[in-house]
Amino acid sequence: MRYPILSIDSKKLKNNIEVIKSILGPKVNLVAVTKMFLSEPEIVKIYLETGINLIADSRIDNLKKISGLKCQKMLLRIPSFSEAQDVVKFSDISLNSEYETIKYLNRFAQELNILHRIILMIDFGDLREGYFNREELFSDIEKIIKLGNIKIEGIGLNLKCYGGVIPTSSMMKKISIYREKIEERFDIEIKTISGGNSSSIYLAQKGQLYSVNNLRIGEAIVLGRELAYDKRIEGTYEDIVRLKAQIIEIKEKPSIPIGETGLDSFGHKVEFVDRGIRKRAIVALGKLDIPLDSISTLDEDAIILGASSDHMIIDISDSDIKYKLGDIIEFKLDYSGILMASSSDYIDKIIVNEV
């Protein structure tokens, strides 16, 4: 086996999906966000085996990979003009907030003889995507319903991703009122109310989603935590994903550089603490693969000192583990760590069953 590798436990992943599904209940459709794994088909298949029927990703190129899988696909990021044709071709539903873009989607949907469904996003204060002005929303809906190949599937909101705004029960009530007003004013059915992401799970646990019938969940499934207050979800695993790298050098060396120092290879001035001679392991992993602030060692006594593009230096002096050349060091990753490791062409991905 070639290292480094990203290990994904399929049984633990399935367990977490089932736990989240039980929290949401039968009235809320769990949209599985698989962008942490770049929607790799073999991993997406694990999601589908649990009965998931809608896969979501923010990149249309990732949805292209799973075009052959029998499931609905949702594009999370607001489409651009340049990708409109692919959006219609490779996603069944897209999130939108601009009428001119929706016209582009309609144009290509006509050419392909496809009815493309959209969810109109409403900004509830996080200040990322979505209509902030209600009259602008209503004005656009009036024009959208005249487009022959676009269907308004629903309305949605997104929170906690940019402004850090935590979803509340009052927001869930408010978007339900939006639905009522749109249906009454335009005589159309708003089938879906998409009430956010993993930060809305705590409201589901409290029974406060109200008319919301759709949540877009990625991080909570993979990391076993809700995002509003960063609390562990009971019954889930937090170690579905592990990064493993191989030791390529073990030496005892001083803890501060010798000689005049300047900036490192990334243009930063690095501060060092003199702790004397320390035993250090180098693993074949670096900043080219993953940001250092997104990972930590499973061995709490093995301390990451730093890294260059391709070499990570770890102080193993205080560890009870007697590391030797060729041994494997395992790492825990946060959301950004998994995302970056999945994106690296230099890290192999494997699926395991370790429960």
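**Exercises on two helix pairs**

In this predicted model, R134, E135, L137, F138, I141 and E142 of helix α6 meet Y178, K181, I182, R185 and F186 of helix α7.

**Exercise 1.** Determine how the residues of the contact of α6 with α7 divide into nonpolar, polar and charged.

*Solution.* Begin with the α6 side, where L137, F138 and I141 are among the contacting residues and where Leu, Phe and Ile count as nonpolar. The α7 side contributes, among others, K181 and R185, and Lys and Arg count as charged. Completing the assignment for both helices gives six nonpolar, no polar and five charged residues.

**Exercise 2.** Classify the crossing of α6 and α7 by angle and by hand.

*Solution.* Helix α6 spans residues 134–144 and helix α7 spans residues 169–186. Their axes come within 11 Å, with a crossing angle of roughly 40°. Angles under 35 degrees would count as roughly parallel; α6 is therefore oblique to α7. The hand of this crossing is right-handed.

**Exercise 3.** Carry out the corresponding analysis for α1 and α2, including the classes of the residues in contact.

*Solution.* First, take the geometry: the axes of α1 (residues 10–24) and α2 (residues 41–48) come within 9 Å and cross at roughly 45°. This angle makes α1 oblique to α2. Next, the hand: the crossing of α1 and α2 is right-handed. Finally, the contact: S10, L13, K14 and I17 of α1 meet I43, I46 and Y47 of α2. By class, this contact comprises five nonpolar residues, one polar and one charged. The polar residue is S10 and the charged residue is K14.

Conventions
Residues numbered from 1 in each chain as written. Predicted model: local features only at pLDDT ≥ 70, side-chain atom pairs only at ≥ 80, totals over all residues. Heavy atoms only, no water. Axes fitted to C-alpha atoms, helices over the stretch in contact; angles between N-to-C directions. Helix = DSSP H or I, 4+ residues; strand = E, 2+ residues; numbered from the N terminus. Parallel < 35°, antiparallel > 145°, perpendicular 65-115°, else oblique. Left-handed = near helix turned anticlockwise from the far one by under 90°. Contact = heavy atoms within 4.5 Å.
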